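This briefing introduces a protein model to a student who is new to reading structures. Please keep the sequence and the three-dimensional view at hand while reading.

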Amino acid sequence: MKFIIVFAALFAVALAAPRPDVEIVKNVSDVGPEDFKFESETSDGSNHFAEGKLKDAGSEHEAIVVHGSYSWVDEKTGEKFTVTYVADENGFQPQGAHLPVA
């Protein structure tokens with residue numbers, strides 16, 4: 001389970017990796033043994049927030065539940081897109097005004 005938390009933290013760092021013309025304006029993270037939280041924002045208007053907690057620790061139903069969102073601004077149109085999501089034992093469940101709904 002610690003692997004998942006470390007992976008999520010490294011994923012956050014990778015998303016916040018600097019591009020030549022974009023600067024990181026906010027990068028905050030807090031990783032604990034059974035939870036994590038991070039937030040990053042770049043000068044181009046992109047941001048990512050996630051918070052994860054271990055559910056049913058020590059049981060055979062142990063799982064990590066992540067709530068988060070990310071957004072970016074389209075370079076051509078200037079339109080801002082936002083995706084909110086939950087990732088848990090049921091998989092990745094994104095929601096966004098621009099995403100199709102079944």
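The points below go from the overall layout to the strands, the charged pairs and a few individual residues.

The model is a predicted one. The protein contains one helix and six strands, and along the sequence they follow the pattern α-β-β-β-β-β-β.

**Overall layout**

- The protein has 102 residues, of which 25% are buried.
- About 7,200 Å² of the protein is exposed, and carbon and sulfur atoms supply 56% of that area.
- Among contacts between residues at least 6 apart in sequence, 24% join residues at least 24 apart.

**Paired strands and their hairpins**

- Strand S1 (residues 24-31) and strand S2 (residues 35-42) run antiparallel and are joined by seven bridges.
- The link from S1 to S2 is a hairpin that passes through three residues.
- Within this pair of strands, Val 28 stands opposite Glu 39 of S2.
- Strand S5 (residues 80-88) and strand S6 (residues 91-95) also run antiparallel, with five bridges between them.
- S5 and S6 form a hairpin as well, with two residues between the strands.
- In this second hairpin, Tyr 85 stands opposite Pro 94 of S6.
- As a general guide to reading such strands, side chains in a regular strand alternate between the two faces of the sheet.

**Salt bridges**

- How many salt bridges does a search of the whole structure find? The search finds two.
- One of them joins Glu 39 to Lys 26, whose closest N and O atoms are 3.4 Å apart.
- Glu 39 belongs to S2 and Lys 26 to S1, so this salt bridge ties together parts that are 13 residues apart in sequence.
- Glu 39 is partly exposed, with a relative accessible area of 32%, and Lys 26 is likewise partly exposed, at 33%.
- Another salt bridge joins Lys 55 to Glu 89, with the closest N and O atoms 2.8 Å apart.
- Lys 55 lies in strand S3 (residues 47-55) and Glu 89 in the loop between S5 and S6, so the pair ties together parts that are 34 residues apart in sequence.
- Lys 55 has a relative accessibility of 34% and counts as partly exposed; Glu 89 is partly exposed too, with a relative accessible area of 46%.
- In general terms, side chains of opposite charge can pair when their charged atoms come close.

**A charged residue without a salt bridge**

- Asp 88 lies in strand S5.
- Is Asp 88 buried or exposed? Asp 88 is buried, yet it has no salt bridge.
- The nearest side chain of opposite charge is that of Lys 55, 6.0 Å away, whereas a salt bridge requires the nitrogen and the carboxyl oxygen to be within 4 Å.
- What does the side chain of Asp 88 make a polar contact with? Its partner is the side chain of Gln 93, at 2.8 Å.
- Not counting residues up to four places away in sequence, Asp 88 touches Ile 64, Val 65 and Gln 93.

**Two buried residues in strands**

- His 48 is placed in strand S3 and counts as buried because its relative accessibility is 5%, below the limit of 20%.
- The side chain of His 48 makes a polar contact with the side chain of Tyr 85, at 3.0 Å.
- His 48 and Thr 82 are 34 residues apart in sequence, and their C-alpha atoms are 9.6 Å apart in space.
- Ser 71 is found in strand S4 and is buried, with a relative accessibility of 5%.
- With neighbours within four places in sequence left aside, Ser 71 is in contact with Gly 45, Ser 46, Asn 47, Lys 80, Phe 81 and Thr 82.

**A residue with a positive phi**

- Where is Asp 56 found? Asp 56 is in the loop between S3 and strand S4 (63-73).
- The phi of Asp 56 is near 55°, a positive value in a residue other than glycine.
- For context, most residues other than glycine have a negative phi.
- Asp 56 is partly exposed, with a relative accessible area of 41%.

How values were computed: Residues numbered from 1 in each chain as written. Predicted model: local features only at pLDDT ≥ 70, side-chain atom pairs only at ≥ 80, totals over all residues. Heavy atoms only, no water. Pairing = 2+ DSSP bridges. Helix = DSSP H or I, 4+ residues; strand = E, 2+ residues; numbered from the N terminus. Buried < 20%, exposed > 50% of the residue type's maximum accessible area, 1.4 Å probe, protein only. Polar contact = N/O pair within 3.5 Å; in protein donor to acceptor, adjacent residues only side chain to side chain. Contact = heavy atoms within 4.5 Å. Areas by Shrake-Rupley, 256 points an atom, 1.4 Å probe, with all protein chains shown as cover. Lys, Arg positive; Asp, Glu negative; His and termini not counted.
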